[in-house]
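The following questions and answers go through one structure, from its overall dimensions to single residues.

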Amino acid sequence: MFKSLKSRLFIWYIVSLLLMTIFVILVVHVLALKNGTLFLALLFFTLAVFGFTIIYKITKSLTYLSSRMKMISSKNLDDRINDIQNEDEIGELAHSFNELLDRLHDAFKREQQFIADVAHELKTPLATLRSTIEVALQQKRESIDYQKALQEALSETHRLSSTLKNVLDLAWSETPAEQKNAKLFNLVELMEDLLETAQKMAIDKKITVSGKIEKGIKLYGFKDKLGRAVLNIIDNAVKHTPKLGKIEITLKKEKDKVVVKIHDTGIGIPEPDLPHIFDRFYRGSSGDKVIGSGLGLAITKAIVISHRGEIKVRSKVGRGTTFTITFPLS
Ligand SMILES: Nc1ncnc2c1ncn2[C@@H]1O[C@H](COP(=O)(O)OP(=O)(O)O)[C@@H](O)[C@H]1O
Ligand SMILES: [Mg+2]
């Protein structure tokens, strides 16, 4: 019951006050002992020693805790403070600190993995580019061969720059946006613009893009970021829907939520791929056939989450895919 420091200190304080009062009344005034002042000094001293012991214990654990905290750096993020077993506030502080380290450790691991993935993604097109140029330079060739080599080199640089752009976008979408710059914007306008863009993107494949956009919906946040998030889904829909297919874009209000839906009649996503499509650099089994970096949906998810939204996907191979994004109407 008296495990917390707060209650222990409080009890020490109350007991001290009580004892001193009783002592002064009884010994000094009622009994009027000769050595009253001496006894009072003794009692005062004993209580002070008790108080000092309690405070010493507290500060000792705190100093220890702080010295352990000073030793933690990115190199030993897996260290934990396990030797403070107190059941008081200090124990709680050590426990919270360990939990903080857990979270930092996870975040740090994820960043390291991301850098490794980025390096890996950039390595392949760079190696191809290099070997294309090396082969072209090995001997004198016809101009048509040079043209072919340059064409290949150009398409690799396109791949490189699109991956780099996506990496930057992802970094940008994951840094917490300054909430004070968020604005109430017209979501209807944004979705109508996106519908138009989607229709342009789908012309070559003769895909019909239709829209069901409810009027009068506004959202608080960043218009350009959200536009980017939805565009990534539209881009996927166009890429993975065969000729003459259909894409439907919906915006509606549902109770206290805003719902954005993008449905396509494309090739669908195999069940085993579904849990991974939002991971960075994950490209489904159909990934080799179309250009991409596997970052699109990771960017989309980061943006949706930064708007306190949620993104879900439903898909059937050969039938099509539906992405549903919901935002709370605040
Ligand atoms: N509408 C869709 N239809 C079929 N597969 C999809 C669809 N959207 C996403 N995918 C799958 O999810 C993977 C990840 O998508 P994304 O993160 O945008 O990366 P990328 O488009 O660069 O490959 C894609 O490689 C693809 O396999
Ligand atoms: Mg994509």
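Q: What radius of gyration does the protein have, against the value near 20 Å for a compact globule of 330 residues?
A: This is a predicted model, in which local features need pLDDT of at least 70 and side-chain atom pairs count only at pLDDT 80 or more, while totals for chains, interfaces and linings use all residues. Residues are numbered from 1 along each chain as its sequence is written, and chains are lettered from A and ligands numbered from 1 in the order in which they are written. The radius is taken over C-alpha atoms, and the globule rule is 2.2 Å times the number of residues to the power 0.38. A compact globule of 330 residues would come out near 20 Å, but the value for the protein is 33 Å.

Q: How many Å separate the centres of domain 1 and domain 2?
A: The domain assignment, automatic or from a database, gives domain 1 as 5-103 and domain 2 as 180-328. The C-alpha atoms of the protein fill a box of roughly 120 × 60 × 35 Å along the principal axes. Taken over C-alpha atoms, the separation of the two domain centres is 59 Å.

Q: How far apart are the end C-alpha atoms of helix α2?
A: Helices (H or I, at least four residues) and strands (E, at least two) are DSSP runs numbered from the N terminus. The expected span of a helix is 1.5 Å times one less than its number of residues. For the 36 residues of α2 (residues 36-71) this gives 52 Å, which agrees with the distance between its end C-alpha atoms, 53 Å.

Q: How many of the 36 residues of α2 are buried?
A: A residue is buried if 20 or more other C-beta atoms, placed from the backbone, lie within 10 Å of its own, exposed if 12 or fewer, and partly exposed in between. Of the 330 residues of the protein, 21% count as buried. Helix α2 lies largely in the open, because its number of buried residues is zero.

Q: Which element gives the most residues to the largest nonpolar core?
A: A nonpolar core is a set of buried Ala, Val, Leu, Ile, Met, Phe, Trp, Tyr and Cys residues joined through C-beta atoms within 7 Å. The largest one has 39 residues, and A198, I234 and I247 have the most contacts inside it. Elements that each supply at least two of its residues include α4 (143-174), α5 (187-202) and β7 (320-328). With seven residues, the main contributor is α6.

Q: How many of the 11 residues of α7 are buried?
A: The cover over the buried residues of α7 includes α4, α6, β6 (310-316) and β7. Among these buried residues are L297, I299, K301 and I303. Helix α7 is mostly covered, and its count of buried residues is 10.

Q: Which residue of β3 is the bridge partner of L184?
A: Two strands pair if DSSP finds at least two bridges between them. Strand β1 (residues 183-186) and β3 pair in the antiparallel sense over four bridges. In β3 (residues 218-221), L219 and G221 form the covered face, K218 and Y220 the uncovered one. The partner of L184 is Y220.

Q: Is K255 buried or exposed?
A: Most residues other than glycine have a negative phi. K255, in the loop between β4 and β5, has a positive phi near 50°. With 6 other C-beta atoms within 10 Å, K255 is exposed.

Methods
Two residues are in contact if their C-beta atoms, placed from the backbone, lie within 7 Å.
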